[in-house]
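Student: Could you walk me through a few features of a model, giving the general idea before the particular case?

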Amino acid sequence: MSSTNEIAADAPQEKSEKALKREAEKAAKKAAKEAEKAAKAERAVAMSAARGVSVQCSTAPPVELEACSGTRDWYPEEFRLQRWLFEKFRQTATRTGFEEYDAPVLERQELYKRKAGEEITSQMYAFVDQDGVDVTLRPEMTPTLARMVLGRAASMMLPLKWFSIPQCWRFETTQRGRKREHYQWNMDIIGCKSISAETELLYAVCEFFRSIGITSADVGIKVNSRKVMASVLDSYGITAEKFAPVCVIMDKLDKIGDEAVIEELVNAQNLPKETAEKIVACLACKNVDELAALCGEGVDQTGIEELKRLFSLADDYGFGDWLIFDASVVRGLAYYTGIVFEGFDRAGELRAICGGGRYDKLLSLYGAMSEVPACGFGFGDCVIVELLKEKGLVPVLPKSIEFVVAAFNEGMQGKAMKAAALIRSGGADVDMLLEPKKKVANTFDYANRIGARYIVFVAPQEWENGMVRIKDLRAEYTDKEDEKQLDVKLSDLGRVSELLREHEAAMRTVNEIETMAI
Ligand code: HAM
């Protein structure tokens, strides 16, 4: 070993300035990294405290977590839109004097066995229950309504004006606006022969559209009369017996086209090809007189008169611009006997928005001793939402609540609950913060997340004086923090909303005066 090496190993290690600088930089970097890590961990704790605990789910869960095909889960944010829509349905119906009813979703299959080849009867969610009864989830509400009316026949004073928003089930091919379950707003009038009934229903449909911002430029309602169609088809040799199944086939025109309809009329109904072609040709009529001209001599003209009267009443009522005559609308359900109609988007992108008509023979089919005049419509909750999206008319419906009550600490929780109960006794909506937050900032985060207008702080200092402190989170009437809050006596909590309104008005006045003085 060389002596030089030994000397070098034993000599005191003098670090160069450069090396020292490098080391210092390294240490600073490490400290910064650790500080950042600690801050991140703190933020995560704070966030989970503010947001609550979130759920982690396995990527391969042991059960299928998707809702069944064609059905929808209603998470709160989606449910808010559904509630808004249903409220509009309800408001329109109650404003026009209709009463709400409901019934079980489970019905007997026999109610729908109409043998006219309707698609609906092959789409039922049908099964035999443990009593051996053939039951089904209802595919539509009209047979249920007829059953209910007949169930109390003698005690029913006609006309009845009823509405409902049932969930209906059809095993459909799902597509835009068509699902396997949907909610269907129904309005029906039982016991009125006059065309005023159809007019009233169509008025309600248009009022509903208007109430959600849809205009007659966006949507139209095609109207036809099965009575008139029956006259025309009778002149072509179609018997009354064949009329309903022929209508069911004609209704497919939009979906399957002229040729396929002709083919089905020939094959399924044994019609001569020439007759089938004439039937399809008459569906192209775009005004009442043109269709009337197709009726043979001596054919009953009441259907034509009814259509004309309907258009005239619609003008008087102020919604004539929504209606158009269209002979191709015959509807796919067998029971319609008179006026039929369907709502459509004028851009032509969506499936039918709603549909209905007169069904004077349905109740006698179920046991009424004589014909009971009836008409109504069904209006689904799917296409209309698609239309609102197209038009940019979906309302913004954030989560919101008036108050959140927050305890200063765990020890004040009982007192905070007492305060919450007192505020609720006055009719206000109150969210109780279940676990007091360690930091005030987290309480504010929570309040913002649930859309609260006011935080009610329940802290020892105010409580000892029989008070709570209320902070307004949306006080656009002032910039001063002390003006955004109000201490309220416990005995006044039942009328706290009124006190807060008074406080707001007072602060507005003060600030207006100050601004004027400047
Ligand atoms: P509908 O034409 O079968 O008539 O249905 C009426 C409305 O319900 C349709 O225009 C559509 O808005 C909605 N609808 C139907 N099927 C579906 C589906 N699979 N998915 C989403 N929406 C759907 C009837 O049901 C008659 N019972 C209406 C009626 C009441 N007629 C007289 N009174």
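Tutor: Gladly; we will take the ligand site, the domains, the aromatic pairs and then the backbone. Keep in mind throughout that this is a predicted model.

Student: Which residues around the ligand come nearest?

Tutor: The general idea is that the size of an interface is often given as the accessible area lost when the parts come together. Here 26 residues surround the ligand, and Glu140, Thr142, Lys179, Asp188 and Tyr336 come nearest. For polar contacts, look at Arg170, where a side-chain N or O atom is 3.0 Å from an oxygen atom of the ligand. His182 places a polar side-chain atom 3.3 Å from a ligand nitrogen atom, while Gly380 uses a polar backbone atom, 2.9 Å from a ligand oxygen atom. As for area, the ligand taken alone exposes 660 Å², and the protein buries 96% of that.

Student: Which strands supply at least two residues of the shell around the ligand?

Tutor: Strand 7 (181-190), strand 11 (354-358) and strand 12 (374-380) each do so. By class, the shell has nine nonpolar, ten polar and seven charged residues.

Student: How far apart do the C-alpha centres of domain 1 and domain 2 lie?

Tutor: They lie 52 Å apart. The domain assignment gives residues 76-390 to domain 1 and 401-517 to domain 2.

Student: And how should I read an aromatic pair?

Tutor: A pair of aromatic rings is described by the distance of the centres and the angle of the planes. This structure holds 23 such pairs. Take Phe444 and Phe457: the ring centres are 6.0 Å apart and the planes are at 50 degrees, so the pair is tilted. Phe444 belongs to helix 16 (residues 440-449) and Phe457 to strand 15 (residues 452-458), so the pair ties together parts 13 residues apart in sequence.

Student: Are Phe444 and Phe457 buried or exposed?

Tutor: Phe444 counts as partly exposed, because its relative accessibility is 24%, whereas Phe457, at 18%, is buried. The cut-off for buried is under 20%.

Student: What is there to notice in the backbone?

Tutor: Most residues other than glycine have a negative phi, and most peptide bonds are trans. The bond from Leu158 to Pro159 is cis, with omega near -5 degrees; Pro159 sits in the loop between helix 5 (142-151) and strand 5 (160-164). Lys115, not a glycine, has a positive phi of about 55 degrees. Lys115 lies in the loop between strand 2 (106-108) and helix 4 (119-122), and is exposed at 83% relative accessibility.

Terms used: Residues are numbered from 1 along each chain as its sequence is written. This is a predicted model: local features need pLDDT of at least 70, side-chain atom pairs count only at pLDDT 80 or more; totals for chains, interfaces and linings use all residues. Side-chain values use heavy atoms; hydrogens and water are left out. A residue is near a molecule or strand if one of its heavy atoms lies within 4 Å of it. A polar contact is a pair of N or O atoms within 3.5 Å; within protein, one must be able to donate a hydrogen and the other to accept it, and residues adjacent in sequence count only if both atoms are side-chain atoms. Accessible areas come from the Shrake-Rupley method with a 1.4 Å probe; for residues, only the protein chains shown count as cover. Helices (H or I, at least four residues) and strands (E, at least two) are DSSP runs, numbered from the N terminus. Ala, Val, Leu, Ile, Met, Phe, Trp, Tyr, Cys and Pro count as nonpolar, Asp, Glu, Lys and Arg as charged, and the others, Gly among them, as polar. Domain bounds come from an automatic or database domain assignment. Rings of Phe, Tyr and Trp (its six-membered ring) pair if their centres lie within 6.5 Å; planes under 30 degrees apart count as stacked, over 60 as edge-to-face and the rest as tilted. Buried means under 20% relative accessible area, exposed over 50%, partly exposed in between (1.4 Å probe, protein chains only).
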